[in-house]
Amino acid sequence: MPAGAGGRVQRAVLAYLRRLEKTNPHATLLVACSGGPDSLALAAACSRLASSRNFHLVGVTVDHGWRKESSLQARQVCQTLKELGYADIALLELSAQENGSGKEGAARKARYLALEKQARYYGKIGSEVFILLGHTRDDQAETVLLGLIRGSGARSICGMRPFETIKPKGVATGHSAKRAGYLRPLLDLPRTDTVAACKQWGLPYIDDPSNYPDGPVQAADGNPLRRAALRHLGLPALEKALRVDPRPALARTALLLQEDLDALDALAEKWFNKTSQDEVGTVAVETKELLSQPAAIRKRVWRLAALTAGARASDLRKVQLDAVDFLATARRGTGPIQLPGQVVCSRTKGSYKLSFRQNRTKSKG
């Protein structure tokens, strides 16, 4: 094992490969590589370590088509992957419509969907295929702060999971169920380590101008993309003001929140399993006993019921769960309350039962 940053990167990746070997020794590893220092260091480490194992290694790069030179750079990344020893390489090209005309949220969604589509070509994601991403501790810190800015609760600021797992069949909860099969081996390492590792190994990485506030890709309102502004302006200003690097503490906060959320989600699952029953086209929850639980548990149960009925997790909002909670606790009115995915929640008059069902009836006219 080499010394320095290269050694730290390889040890981080090796820990994940050893973990996978115990449960999925013949899995396909889809390594996403943009050509930047983080993903390139990951790709290089995987190539060095996986060759002596039974994994099938696949290198994948995504071209968002944001810049004129992006197509050429994507092909250069494919060539670099080939030089690293990758025999199976895929170039995924997204159109301007798919990447949301430069909006980073839409682009991220399109990128994940493209990676998952490619992964399914090799088997079931999370058991036969795993997608490896080069996110670092710096990315984690940025994700926590972006979640704080949105003000969308603990689930938003608990950051990314290093190892997304498969939830048991029928369970529609949990942050970890969202991206099952995703691995982030470098999440505990700073970005300085991936940059140094690439230099140590003589790997020419791409410094994408789209990642800078004054880069060619801007938000719809003409302002810098939020992550780029936070990375190059916000975090450096915070570090200067506090005279301490806030990134390790922010990443540590994410880990602590993940543990707390896991405990709350597990408790909510128990209550959901205890109080819910599947009826024809309906998820019914008997709430009388559940009302003695704190709001944090109740609202997780409402969320579970909505997801099980067909609501989209990414679209569920606090105001909607608050409305369901009021319907259950105040027992005023019977609904219905409109939830994402055409799901409606209603209360049976004179009872404690809430019903969540997907209303697919099309309006006339």
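## A friendly note on this predicted model

1. Let's start with helix α10, where 11 of the 15 residues are buried, leaving the helix mostly covered. Keep in mind as you look that this is a predicted model. The helix runs over residues 295-309 and reaches 21 Å from its first C-alpha to its last, close to the 21 Å expected at 1.5 Å a residue. Among its buried residues are Ile-297, Val-301, Trp-302 and Leu-304, and also the arginines Arg-298, Arg-300 and Arg-303. Just after α10 comes Gly-310, with a positive phi of about 125°.

2. Which residue of helix α11 meets Lys-299 in a salt bridge? Asp-322 does, and the N to O distance between the two side chains is 2.6 Å. This pair links distant parts of the chain, since Asp-322 belongs to α11 (residues 318-329) and Lys-299 to α10, 23 residues apart. Lys-299 is partly exposed, with a relative accessible area of 24%, and Asp-322 counts as partly exposed too, at 23%.

3. Next, have a look at strand β7, residues 282-286. Four of its five residues are buried, so the strand is mostly covered. On one side of the pairing list is strand β6 (residues 276-279), which pairs with β7 in the antiparallel sense over four bridges. Strand β10 (residues 353-358) also pairs with β7 in the antiparallel sense, over five bridges. Ala-284 is a handy residue to click on: it is the bridge partner of Gln-277, and it stands opposite Ser-355 in β10. The hairpin of β6 and β7 has two residues between the strands, and in it Gly-281 takes a positive phi near 70°.

4. Now for charged pairs. Side chains of opposite charge can pair when their charged atoms come close. The whole structure holds 20 salt bridges. One of them joins Arg-161 and Asp-262, at 3.0 Å from N to O. Arg-161 sits in the loop between α6 (154-157) and β5 (182-183) while Asp-262 is in helix α9, so this pair ties together parts that are 101 residues apart in sequence. Is each partner buried or exposed? Arg-161 is buried, at 7% relative accessible area, whereas Asp-262 counts as partly exposed at 35%.

5. Another pair to find is Glu-289 with Lys-274, whose closest N and O atoms are 2.9 Å apart. Glu-289 lies in the loop between β7 and α10 and Lys-274 in helix α9, 15 residues apart. Lys-274 counts as exposed at 53% relative accessibility, and Glu-289 is partly exposed at 46%. There is also a network of salt bridges, whose members include Asp-38, Arg-191, Arg-231 and Asp-245.

6. How many disulfides does the structure hold? Zero. Why is Cys-46 not bonded to Cys-33? The closest cysteine sulfur to that of Cys-46 is in Cys-33, 10 Å away, which is too far for a bond. Cys-198 is in no disulfide either, and its nearest cysteine sulfur, again that of Cys-33, is 8.6 Å away. Cys-46 is buried at 1% relative accessible area, and Cys-198 counts as buried at 0%.

7. Finally, a look at the surface. Leu-238, Leu-242 and Val-244 form a nonpolar patch there, with about 250 Å² of accessible area together. Val-244 is found in the loop between α8 (226-242) and α9 (247-275), and it counts as partly exposed at 46% relative accessibility.

Technical notes:
Residues numbered from 1 in each chain as written. Predicted model: local features only at pLDDT ≥ 70, side-chain atom pairs only at ≥ 80, totals over all residues. Heavy atoms only, no water. Patch = residues over 30% accessible without salt bridge, like charges linked within 9 Å, V, L, I, M, F, W, Y side chains within 5 Å. Areas by Shrake-Rupley, 256 points an atom, 1.4 Å probe, with all protein chains shown as cover. Salt bridge = Lys/Arg side-chain N within 4 Å of Asp/Glu carboxyl O. Buried < 20%, exposed > 50% of the residue type's maximum accessible area, 1.4 Å probe, protein only. Pairing = 2+ DSSP bridges. Expected span 1.5 Å × (residues − 1). Disulfide = S-S within 2.5 Å.
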